[in-house]
Amino acid sequence: MRSPQVVRDPALPERVTIYEVGPRDGLQNEATVVPAEVKVEFIRRLLAAGLPVVEATSFVHPRWVPQLADAAEVMAALGEAGRPLPVLVPNERGLDRALELGLRHVAIFGSATETFARRNLNRSLDEQFAMFEPVVARAREAGLDVRAYVSMCFGDPWEGDVAVDQVVAVGKRLFDLGASQLSLGDTIGVGTAGHVTALLDAFNAAGLPDGVLAMHFHDTYGQALTNALAALRHGVTTFDASAGGLGGCPYAESATGNLATEDLVWMLHGLGIETGVSLPALVETSVWMAGRLGRPSPSRVVNAVGNAPADTSA
Ligand code: HMG
Ligand code: MG
């Protein structure tokens, strides 16, 4: 399989952490429910391809996201291998479900806007903090690592533009609950490179350095890879991505897939940046998953090197 010619840029970091969200962000948005055993196989393949972090599922209300109603079944089937994998938990009920399974890493997910907080969490912007506060406190007490997401950082389908100051105020409040990392979500993929730099500058000025920040780009407007490069040049070293470009958010209809992990890996490896990921194994996984879903992956790299077949037979 072809790989990119390496031309190192000494200004960029030597290593980047890819936080794989395909099994969660990708599959939460599928029209059909993917069987639990396929999810388990998908996660195992991603781990085998060298992805250092694979967000596995969500312990949200099963009526809100029926696609992930089998979260407990998937995590139980993964056994020991599943324990360190992060899962989304919106509230104490979700945390209880994760604790029952001995999981070690949870993620809360807040909104930078009032409308999305109500639509995604059934809470007002302010009420979301009251929901998350005991989740983080109890998770930390139990020795778990907590990641915080903030959504709609670059624009909101109902409210339009979102002020950088508002995103920083919400993000800092979520992080200060006790998270180790804050992932900045471009939920509907509208951000552009200068906006990324301005947002990161504002977070740095508010006391959150690039080292505790991750970027979570959806690719709706084709800006995800450019925006990742802008963040990389700024100093961010953790990037969320989804194998094959799966993804979206069921409560934000204009959201499409995440930045495809393969496209990110191609760029990073071309820049001589280590990820620990085997591109051939990853592409093979996305081609396999495309076969299970019955449609080709939207990833440019998967199509260039893997050419997903329309095989739904197995
Ligand atoms: P609610 O209806 O307000 O919940 O939903 P409630 O607290 O009023 O509880 C109602 C009932 O639900 C109770 O049962 C609870 O036990 C039960 P009853 O007493 O009536 O029998 N319940 C639960 N059951 C199982 N697991 C739970 C749970 N919680 C309550 N965790 C809630 C509030 C937050 C639960 C709901 O709005 C929800 O599940 N939302 C999740 C939406 C979601 O998953 N969205 C996608 C993920 S976010 C995303 O994709 C963005 C991201 O990728 C970043 C980006 O792109 O920007 C992260
Ligand atoms: Mg997302």
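The exercises below, with worked solutions, concern the metal site, the pockets, the cavity and one polar contact of a predicted model.

**Exercise 1. The magnesium site**

Identify which residues coordinate the magnesium ion (ligand 2) and where Asp-25 and His-216 lie along the chain.

Solution.
1. Start with the donor atoms: the magnesium ion (ligand 2) is coordinated by OD of Asp-25 and by NE2 of both His-216 and His-218, at 2.1 to 2.3 Å.
2. Write the donors in chain order, which gives the spacing D-x190-H-x1-H.
3. Place two of them in the secondary structure: Asp-25 belongs to helix α1 (residues 22–26) and His-216 to strand β8 (residues 213–217). With their positions 191 residues apart, this pair links distant parts of the chain.
4. Check accessibility. Asp-25 and His-216 are buried; the cut-off for that term is under 20% relative accessible area.

**Exercise 2. The two largest pockets**

Describe the largest pocket and the second largest pocket by volume, lining and residue class.

Solution.
1. The largest pocket holds about 560 Å³ of space.
2. Its lining consists of 34 residues, and those nearest the centre are Val-60, Pro-90, Phe-109, Asn-120 and Leu-121.
3. Two or more lining residues come from each of α1, α4 (92–100), β5 (105–111), α5 (114–121) and β6 (145–151). Helix α1 is also the element that holds Asp-25 of the magnesium site.
4. By class, the lining of the largest pocket has 15 nonpolar, 14 polar and five charged residues.
5. The second largest pocket has a volume of about 210 Å³. It is lined by 13 residues, with Asp-219, Asp-263, Pro-298, Ser-299 and Arg-300 closest to its centre.
6. Sorting the lining of the second largest pocket gives five nonpolar, five polar and three charged residues.

**Exercise 3. The cavity**

State how many cavities of 30 Å³ or more the whole structure contains, and characterise the lining of the largest cavity.

Solution.
1. The search returns one cavity of 30 Å³ or more.
2. The volume of the largest cavity is about 80 Å³.
3. Residues that line it include Ala-243, Gly-244, Leu-246, Ser-286, Met-289, Arg-295 and Pro-298. Pro-298 also appears among the residues closest to the centre of the second largest pocket.
4. The lining of the cavity divides into seven nonpolar, three polar and one charged.

**Exercise 4. Asp-9**

Locate Asp-9 and find which residues it contacts beyond its sequence neighbours.

Solution.
1. Asp-9 sits in the segment before β1 (17–20).
2. With neighbours within four places in sequence set aside, Asp-9 is in contact with Arg-233 and Leu-271.
3. The side chains of Asp-9 and Arg-233 make a polar contact at 2.9 Å.

Methods: Residues numbered from 1 in each chain as written. Chains lettered and ligands numbered in written order. Predicted model: local features only at pLDDT ≥ 70, side-chain atom pairs only at ≥ 80, totals over all residues. Heavy atoms only, no water. 1 Å grid on protein atoms, 1.4 Å probe; cavity = no way out; pocket = protein on both sides within 12 Å on 5 of 7 lines; lining within 4 Å. Points joined across faces, edges and corners; volume = space filled by probe spheres on them. Nonpolar A, V, L, I, M, F, W, Y, C, P; charged D, E, K, R; others polar. Helix = DSSP H or I, 4+ residues; strand = E, 2+ residues; numbered from the N terminus. Polar contact = N/O pair within 3.5 Å; in protein donor to acceptor, adjacent residues only side chain to side chain. Contact = heavy atoms within 4.5 Å. Donors = N, O, S within 2.8 Å, 3.2 Å for Na, K, Ca; no water. Buried < 20%, exposed > 50% of the residue type's maximum accessible area, 1.4 Å probe, protein only.
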